[in-house]
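Let's take a walk through this structure together, starting with its rings and ending at its surface.

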Amino acid sequence: MSIANCLWNRDSTSTGAIWIARKFPDHGIIGEELGPDRPDAEWVWMLDPIDGTKSFITGVPLWGTLIALLHRGQPVLGAIHQPLLGQLLVGDGTTTTLNDRPVRCRPARRLEDSTVLTSDPFNPGKHQNGRSEEHTSEL
């Protein structure tokens, strides 16, 4: 990654963190490039201005900005913005939208009947509730 991209990524996180701190002074912020600021607050924002850095720096349009809001450590809102694809996904735990239109999943009762996509095939359960082997035993 070039120095310019590193600085842009850090500046983007800083800009978002400054806006949140001004608008919600009691909230915590965790930025991938900035580290934690009050991660034990009741409300905590998680920011990743460029998820998919390798794609971003090589011109592949499969990168986006990730924002999540946690309340007492539990996610209550999340957003993925993929500007080059013209996509904004927003979810609140009950409803998910893609560009303001509801998203639905096809029914699948078994993992082998599902489509699983990951950029980390060696550790897909890393951030899930439960042990990763529970989620990947059929892969």
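**Rings, strands and a surface patch**

One aromatic cluster brings together W19, F24 and W45. The model is predicted, so local features need pLDDT of at least 70 and side-chain atom pairs count only at pLDDT 80 or more, while totals for chains, interfaces and linings use all residues. Residues are numbered from 1 along each chain as its sequence is written, and side-chain values use heavy atoms, leaving out hydrogens and water.

There are three aromatic pairs in the structure (rings of Phe, Tyr and Trp, the last by its six-membered ring, with centres within 6.5 Å; planes under 30 degrees apart are stacked, over 60 edge-to-face, the rest tilted). W19 and F24 make an edge-to-face pair, because their ring centres are 6.3 Å apart and their planes stand at 75°. F56 and W63 are edge-to-face too, with centres 4.8 Å apart and planes at 80°. W63 is buried at 10% relative accessible area, whereas F56 is partly exposed at 21% (buried is under 20%, exposed over 50%, partly exposed in between, with a 1.4 Å probe and protein chains only).

Now to the sheet: eight strands (DSSP runs of E, at least two residues, numbered from the N terminus) form an open, mixed sheet in the order 2-1-3-4-5-6-7-8. Strand 2 (35-37) and strand 8 (101-102) each have a single partner strand, so one side of each lacks a neighbour in the sheet. Pairing requires at least two DSSP bridges; strands 1 (residues 28-31) and 2 pair antiparallel over three bridges, and I29 stands opposite D37 in strand 2.

Methods. Helix = DSSP H or I, 4+ residues; strand = E, 2+ residues; numbered from the N terminus.
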